[in-house]
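Visitor: I have a sequence and a model to look over. Where should we begin?

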Amino acid sequence: MSSPNRTEPSPLTFILTGIPGLPTSSYWMALPLCCLYLLMLLGNCTVLWVIKTDHSLHTPMYSFLSMLAVADLGLSLSSLPTVLAIFWFGASSLRFEACVVQMYFIHCFSAIESGVLVAMAFDRFVAICHPLHYASVLTSSLVTKLGGAIFTRGVCVVLPVAILIKEMPFCRSHVLSHSFCLHQDMLRLVCGDVRVNSVYGLTAVILTKGLDSLTILLSYVMILRAILTIISREARAKAFSTCISHLCAVLIFYIPLIGLSVIHRFGKHLPPLTHTLLADAYLLVPPVLNPLVYSWKTKQIRRRILILLCQRRTQQRA
């Protein structure tokens, strides 16, 4: 029989960090963040709506763009609850289980977005290097299979990371470096042997983002070779212009990701603000900028949005 004075162990809780040097609850930071999240929601939902309603956009290129918008939404919404809770309400504590779930979804959607960027590079490769075979190669069936494979890879590769971290003992400080949970950040608080976690985490990154970036690079080497063989200068410019949006999306995604990975491993001497800004850029910059880039550089999407705005103005005047 248990003693009535015996207390149950308190659940493991992590303390999330806002921006170093600012109070936990900071309305002047919460407002811009809310605006960024709203811009992200509006931009990506608009892209999805335009592609769904315009039947001329039901092509492989725009199917992959829809997948990119969904991945961007998932990546941002995974961090939304804790970021806004910290800056609006000063609620910085988060249960361990919730932290693991958030970490899983952030890394899962990040892996999915990386895979979608590879699929989009393959789409541009076929369109420019083998234009006569584009319709026969990129069929709707293949696009569906690629989407399923990208989603399955993201889900399965990240799942062991969450399972392994869940079994680790945490006996050090429970203060994380960011306003959301990342695997590298949680791993530094473990007081046991983290070799298996570190090796698998590094392997997962190499097999996803490492191979993805090399595949994209190889695709663009072949695309560039094909473009340089085109005799007409106008045709070369037109072919290259179809890749600009995707190149921007690749740079927007990989530059903050690489910077964050390097800082976590080799930049421990850097001020905490550097870690915070790069982590926020990693989660916020791609979802906010991708719909803006594609809306601006893609004539079909831009035209559809302008038609929608003109129709609303006409209805308001009537």
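Guide: We can begin with contacts along the protein chain, keeping in mind that this is a predicted model. Among contacts between residues at least 6 apart in sequence, the share joining residues at least 24 apart is 78%.

Visitor: What pattern does the protein chain follow when read along the sequence?
Guide: The secondary structure comes to 10 helices and 2 strands. Read along the sequence, the pattern is β-α-α-β-α-α-α-α-α-α-α-α.

Visitor: What percentage of the residues of the protein chain count as buried?
Guide: The C-alpha atoms fill a box of roughly 80 × 55 × 45 Å along the principal axes. A residue counts as buried under 20% relative accessible area. Of the 318 residues in the protein chain, the buried portion is 44%.

Visitor: Which helix gives the most to the lining of the largest cavity?
Guide: The search of the whole structure finds 3 cavities of 30 Å³ or more, and the largest holds about 60 Å³ of space. Helices H2 (60-89), H3 (96-129) and H8 (233-266) each supply at least two residues of its lining. The helix that gives the most, with 3 residues, is H3.

Visitor: How many charged residues are in the lining of the largest cavity?
Guide: The lining consists of Met61, Phe64, Met120, Asp123, Arg124, Thr242, His246 and Tyr294. By class, 4 of these residues are nonpolar and 2 are polar. Asp and Arg count as charged, and the number of charged residues is 2.

Visitor: What is the N to O distance in the salt bridge of Asp123 and Arg124?
Guide: Asp123 and Arg124 both belong to the lining of the largest cavity, and both are buried. Their side chains meet in a salt bridge, with an N to O distance of 2.8 Å.

Visitor: Which helix supplies the largest share of the lining of the second largest pocket?
Guide: About 370 Å³ of space lies in this pocket. Its lining includes Thr59, Met61, Arg124, Lys238 and Gln300, and by class it has 2 nonpolar, 6 polar and 4 charged residues. H2, H8 and H10 (299-317) each supply at least two lining residues. The largest share, 4 residues, comes from H8.

Visitor: Is Asp185, the salt-bridge partner of Arg188, buried or exposed?
Guide: The closest N and O atoms of Arg188 and Asp185 are 2.7 Å apart. Arg188 counts as partly exposed, at 40% relative accessibility. Asp185 has a relative accessible area of 0%, so Asp185 is buried.

Visitor: Which side chain of opposite charge is nearest to Asp280?
Guide: Asp280 is found in helix H9 (residues 272-297). Leaving aside residues up to four places away in sequence, Asp280 touches Ser179, Phe180 and Val285. Asp280 is buried yet has no salt bridge; the nearest side chain of opposite charge, 14 Å away, is Arg188.

Visitor: Why does Glu97, the salt-bridge partner of Arg95, count as partly exposed?
Guide: The structure holds 5 salt bridges, and one of them joins Arg95 and Glu97, with the closest N and O atoms 3.8 Å apart. Arg95 is partly exposed, with a relative accessible area of 45%. Partly exposed lies between the buried limit of under 20% and the exposed limit of over 50%. Glu97 counts as partly exposed because its relative accessible area is 40%.

Note on methods:
Residues numbered from 1 in each chain as written. Predicted model: local features only at pLDDT ≥ 70, side-chain atom pairs only at ≥ 80, totals over all residues. Heavy atoms only, no water. 1 Å grid on protein atoms, 1.4 Å probe; cavity = no way out; pocket = protein on both sides within 12 Å on 5 of 7 lines; lining within 4 Å. Points joined across faces, edges and corners; volume = space filled by probe spheres on them. Buried < 20%, exposed > 50% of the residue type's maximum accessible area, 1.4 Å probe, protein only. Lys, Arg positive; Asp, Glu negative; His and termini not counted. Salt bridge = Lys/Arg side-chain N within 4 Å of Asp/Glu carboxyl O. Contact = heavy atoms within 4.5 Å.
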